[in-house]
Amino acid sequence: MDDRAKKPELSIIVPALNEAGTIGDLIRNLAAQKDVNFEVILSDGGSTDGTPDMFRKEAQNASFPARSIHMGRGRGRQMNGGAEVASGDFLLFLHADSLFEDPNALRKALDALGEAMQAVGHERVAGRFTLRFRRQDGTPSLFYYYHECKAGLDRGECIHGDQGFLLHRSFFSSVGPFEETIPILEDTRFAETVRGRGTWILCPSVIFTSARRFETEGCAERETLNAMVMTLSAIGRADFLDEMPRVYAVQNRAGRLRLYPFFYRIRELLKALPLRERMRFWYQCGCHAAANSWQIAFFLDVWRNFSKGIPPGEGQFQLLRCFDRFLVKVPENRLIRISAASLVWLWFYTMLVCRYVRENTRRVGTRHFC
C-alpha cells in the first residue's frame with residue numbers, strides 16, 4: 001500500500017501566517033524524517049504572501065500526505081482547526097520556522113512518549129524538544145544560551161510552542177483546545193494546563209528554531225516585551241494585553257521593536273484606575289517577580305557553565321538547587337513581595353523615560369511622565 005494512503009501515526013499541524021520564505025524548508029526537512037508515517041496540515045491564518053501556494057507546491061512530490069486549511073488569523077484558532085481535521089493518533093504542533101537535524105527525531109520522540117505513557121499507565125503525557133536557535137551570527141551568545149538552557153527546565157512559564165508540542169490526541173481532547181480568545185500566549189497557557197493535568201517530558205532530539213524575531217527586533221527589546229506580556233498574563237490583566245499595540249507583528253513586517261508605545265499605553269491604562277487598583281496592580285506584579293526570583297540563581301549557574309564552554313543544558317546548577325532547597329519559600333514573604341513591587345514600579349517608570357529619550361528625538365518634558 002502507498003504510504004500516502006495509510007492512516008498516519010502522527011499528524012503535524014503547522015500554524016502559519018506569511019511564512020512563504022520558510023515553509024519550503026520545513027517541508028523538505030520533514031521529508032527527510034525516517035520510520036514515521038505522518039501527515040502535515042498547514043493551518044493558514046490569512047497569508048498574503050502566497051504561503052499556502054508555496055506549501056502545496058513543495059508538498060506535491062512529498063512522500064507524505066499534506067493539505068492546507070484556512071482558519072483565519074489567530075494561532076490558537078489555527079492549531080485547533082488543524083487538530084479537528086487531523087487523522088493521526090498523535091499530534092505535533094510545530095512552528096513553520098522549526099527544523100530537525102536528526103532524521104530520526106520524530107521516531108525517537110514518539111518512542112520516548114510511548115515509553116513514558118506506558119510507565120505511568122495513561123496517556124496524560126506530552127513531549128517537547130530540546131531547543132536550539134538558528135542564528136545568522138554564530139558567535140557564542142549568553143542570551144541565546146540562557147534561553148536554550150531554560151527551555152530544558154520543567155518549570156512554570158518555561159515551556160513554549162517553539163519547542164513543538166507532541167501528545168496523544170485523546171490527551172489533547174482532555175486538556176485542549178488552545179485558547180482562541182487571546183491573541184498571544186496560547187501556547188504557554190496550554191503548556192501550564194498540561195502541567196496541571198499530566199506530565200511533560202523532554203524528547204531526546206533537538207529542534208532548531210529561527211532566531212529571526214530576536215535578530216530583527218533586538219534581543220533586549222523583545223525580551224523586555226516578553227517579560228511584560230508574561231507578567232500581565234500571570235496577574236490576570238488580559239484587558240491590558242488587548243490594548244497593547246503590535247505585541248507580535250507579522251514576521252515579514254517586523255522591524256526594530258520600539259518599546260515606548262507599550263510602556264506609554266500601560267501607564268495610560270493605569271492612570272484610569274483608582275489608586276487602590278493601581279497599588280494592587282503593582283503588588284501583583286511584585287508577587288510575580290518574586291515568584292520568578294529563582295531565575296537569578298539559574299542565570300548565575302548558566303553564566304558559569306557558559307564561561308566554561310559547557311553545552312546548553314549540561315553542567316551543574318548548584319545555585320538553583322540551593323535556592324530550591326533553602327529559599328523557595330522566601331518569595332512568599334509579604335515584605336519580599338512589597339519590596340519586589342517597589343522595584344518593578346521603579347523599573348517601569350525608569351524604562352518609560354529611558355525608552356522615550358532613546359526612541360524619540362524631541363526633548364522629554366518632566367510633566368509628561370507625572
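**Cavities and cores in a predicted model**

Reader: How much space lies in the second largest cavity?
Author: In this predicted model, local features need pLDDT of at least 70 and side-chain atom pairs count only at pLDDT 80 or more, while totals for chains, interfaces and linings use all residues. Residues are numbered from 1 along each chain as its sequence is written, and side-chain values use heavy atoms, with hydrogens and water left out. A cavity is a set of points on a 1 Å grid over the protein atoms alone where a 1.4 Å probe fits but cannot get out, and its volume is the space filled by probe spheres set on the points, which are joined across faces, edges and corners. For the second largest cavity, that space is about 30 Å³.

Reader: Which helix gives the largest share of the lining of the second largest cavity?
Author: The lining residues, those with an atom within 4 Å of a point, are Ile 182, Pro 183, Ile 184, Arg 189, Ala 238, Leu 241 and Asp 242. The largest share, 3 residues, comes from a helix (a DSSP run of H or I, at least four residues) that spans residues 238-243, namely α10.

Reader: How much space lies in the largest cavity?
Author: The structure holds 2 cavities of 30 Å³ or more. The largest is lined by Pro 15, Met 79, Phe 93, Leu 94, His 95, Gly 161, Phe 165 and Asp 187, and the space in it is about 40 Å³.

Reader: Which element gives the largest share of the largest nonpolar core?
Author: A nonpolar core is a set of buried (under 20% relative accessible area, 1.4 Å probe, protein chains only) Ala, Val, Leu, Ile, Met, Phe, Trp, Tyr and Cys residues joined through side-chain atoms within 4.5 Å. Of the 41 residues in the largest one, Leu 10, Ile 12, Leu 30 and Leu 106 touch the most other members. The elements that give two or more residues to this core include β1 (10-16), α1 (20-31) and α4 (105-120), and the largest share, 8 residues, comes from α4.

Reader: How many residues are in the second, separate core?
Author: Among the members of this second core are Leu 185, Tyr 260, Phe 262 and Phe 263. Its residues number 27.

Reader: Over which residues does pLDDT stay under 50?
Author: The protein chain averages a pLDDT (the predictor's confidence in each residue, from 0 to 100) of 92, and 93% of the residues score at least 70. There is a stretch for which the model has 14 contacts (heavy atoms within 4.5 Å) beyond four places in sequence, and where pLDDT stays under 50: residues 362-370.

Key. Buried means under 20% relative accessible area, exposed over 50%, partly exposed in between (1.4 Å probe, protein chains only). On a 1 Å grid over the protein atoms alone, a cavity is a set of points where a 1.4 Å probe fits but cannot get out, and a pocket is an open set with protein on both sides within 12 Å along at least five of seven lines; lining residues have an atom within 4 Å of a point.
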